[in-house]
Amino acid sequence: MSEQIKFTIDGKACTTEKGTNLVKAAKENGVYIPILCHLEGIKPAGSCRICNVKINGRFMTACTTDVADGMVIENITPEIQELRKIIVETLFVSGNHFCPACEKSGNCELQALGYRYQMMVPRFPYEFEEKEVDANSNKFYIDRNRCVLCKRCVRSVKSKDGRSIFAVKGRGHKAIINIDHELANQLSDEEAMEVMNTCPVGSILKKERGYVDPIGRRKYDTQPIGSEIETINV
Amino acid sequence: MSKPIVATTSLAGCFGCHMSILDIDERILQLIELVDFNKSPVDDIKEFTEMCDIGLIEGGCCNSENVHVLKDFRKNCKILVSVGECAIMGGLPALRNNIPIRECLEEAYLNGPSTKDANPDRIMPNNEELPIILDKVYPCHEIVKIDYYLPGCPPRADLIWNALVALVTGDELKLPYEVVKFD
């Protein structure tokens, strides 16, 4: 049996196997650490910073950290919650997130985080930057207005022979996600659906689907994000 | 003590938020016990006749008239509340924010499927009587100071009701998870 280690999150005693990713270890112990760019099973990037926690007094991203024995982790403090709220607000103003007009609304992780942190209005001015939609693939389209550049699709969606279907083009604020249409067209409907579900926001949407779930029966209509891990009071 | 006075308006909105106010159902009877209305489409009072306590703003600012009305509300209301996504972030009208204004007008009056044959003289409305359209649609809080925000498209009736009652009575505002939504 592999070595068990002890750590604490907000004073709660937790145990996990040595070498476990912190987000996963917290989940095993019934503690929700919010994630947006991270997805279990893919290589962590630590790019969105929403999973910021304080480890032994220093800010670190939980998704890129493996738990070590005796770690003292702060997850829910006013400072960290405020920081996470700021990140969500920044993402809302830097893209063009028209929730009422988005097919992903109600099932969107960014929106759900907005609900969780009770974002009534972002504190920053809206940028309304011009972004493009690429609908040239047969199975899905990519709406860059809603893209948060989490790179989940880049890291996880591969063709059968292991080639990337999505890639980042450009750098800094000019970076966008591009699709290899030829490879994308080889995906089955089920695989295209998986690609859509990989996207935390409504940037990659499957074509010919539209608004499937009625309001009230969508993923985050009645249950806050993270409530499958930890009962929370928003 | 006299009742608090409420004013409402719809700027670049669809009146959906006002419909959502009506969606409080029979509580509307309590509402008229609780507050009086001044300038509002609800009672059709066109101009402010006294200082109001609460102004509910639906819609963002897409033209000069919206800005004028919003500033008028700021002057005449002690508390201003942005009601709905359009007031908070421009909403659906703001979908035009990345399209040049000329292109928008040409699509609407010259090239659109319903206008291209019906407008042989290729007339675009341009009269000093008409409000000037802004370069983009602005959230209300980027024009004047807004005190509170009620998100939703439209905000749920319970959210509007809870917020209004909390404002009027001074009680703590309770926000159940289900009532704060962005769509």
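How many residues does helix α6 of chain B have, and how far does the helix reach from its first C-alpha to its last? I'll start there. This is a predicted model, and everything I say about it is computed from that model. Helix α6 of chain B covers residues 157-169, which makes 13 residues. From first C-alpha to last it reaches 18 Å, close to the 18 Å expected at 1.5 Å a residue.

Now the surroundings of that helix. Its buried residues are L159(B), I160(B), W161(B), A163(B) and L164(B). The elements covering them include two helices of chain B, α1 (16-22) and α2 (27-34), and also two strands of chain B, β5 (77-83) and β7 (148-150). Just past the end of α6(B) comes G170(B), with a positive phi of about 80 degrees.

In the segment after α6 of chain B we also find K174(B). Is K174(B) buried or exposed? K174(B) has 11 other C-beta atoms within 10 Å, so it is exposed; the cut-off for that class is 12 or fewer. Its C-alpha lies 14 Å from that of Y148(B), and the two are 26 residues apart along the chain.

Next, the sheet of chain B. It is an open sheet of five strands, in the order β2-β1-β3-β5-β7, and the pairing is parallel. The edges are β2 (36-37) and β7 of chain B; each has a single partner strand, so one side of each is left without a neighbour in the sheet.

Inside the sheet, take strand β3 of chain B, residues 52-58. β3(B) runs parallel to β5(B), and six bridges join the two. As one example, E58(B) has V83(B) in β5(B) as its bridge partner. The helix from the opening, α6(B), packs on this sheet and touches β3, β5 and β7 of chain B. The direction of α6(B) makes about 155 degrees with that of β7(B). Another helix, α3 of chain B, residues 64-76, lies across β1 (5-10), β3 and β5 of chain B. Its angle to β5(B) is about 135 degrees.

One more residue in chain B before I leave it. I28(B) sits in helix α2 of chain B. With 14 other C-beta atoms within 10 Å, I28(B) counts as partly exposed. From I28(B) to D135(B) is 107 residues in sequence, and 38 Å in space, C-alpha to C-alpha.

On to chain A, beginning with its domains. The assignment gives domain 1 as 4-75 and domain 2 as 85-206. The centres of the two domains of chain A, taken over C-alpha atoms, are separated by 25 Å. Eleven residues from domain 1 of chain A and twelve residues from domain 2 of chain A take part in the contact. On the domain 1 side of chain A, the residues divide into eight nonpolar, one polar and two charged.

Chain A has an open sheet of five strands too, ordered β2-β1-β5-β3-β4, with mixed pairing. Its edge strands are β2 (12-17) and β4 (58-61) of chain A, each pairing on one side only. From one strand to the next, the twist averages 40 degrees.

Where does the mixture come from? β1(A) and β2(A) pair in the antiparallel sense, over six bridges. In that pair, I5(A) stands opposite T16(A) in β2(A). The two strands form a hairpin with two residues between them, and D10(A) in the turn has a positive phi of about 50 degrees. In contrast, strand β1 of chain A, residues 4-9, runs parallel to β5 of chain A, residues 72-74, and two bridges join them. There, the bridge partner of T8(A) is V72(A). Helix α2 of chain A, residues 78-94, lies across β3 (52-55) and β5 of chain A, at about 155 degrees to β3(A).

Last, the two chains together. How many residues of each chain are in contact with the other? The count is 22 residues of chain B and 19 residues of chain A. On the chain B side, helix α4, residues 85-89, gives the most, with three residues. By class, that side has 13 nonpolar, four polar and five charged residues. That's what I have.

How values were computed: Residues numbered from 1 in each chain as written. Chains lettered and ligands numbered in written order. Predicted model: local features only at pLDDT ≥ 70, side-chain atom pairs only at ≥ 80, totals over all residues. Helix = DSSP H or I, 4+ residues; strand = E, 2+ residues; numbered from the N terminus. Expected span 1.5 Å × (residues − 1). Buried ≥ 20, exposed ≤ 12 C-beta atoms within 10 Å, placed from the backbone. Contact = placed C-beta atoms within 7 Å. Nonpolar A, V, L, I, M, F, W, Y, C, P; charged D, E, K, R; others polar. Pairing = 2+ DSSP bridges. Axes fitted to C-alpha atoms, helices over the stretch in contact; angles between N-to-C directions. Domains from an automatic or database assignment.
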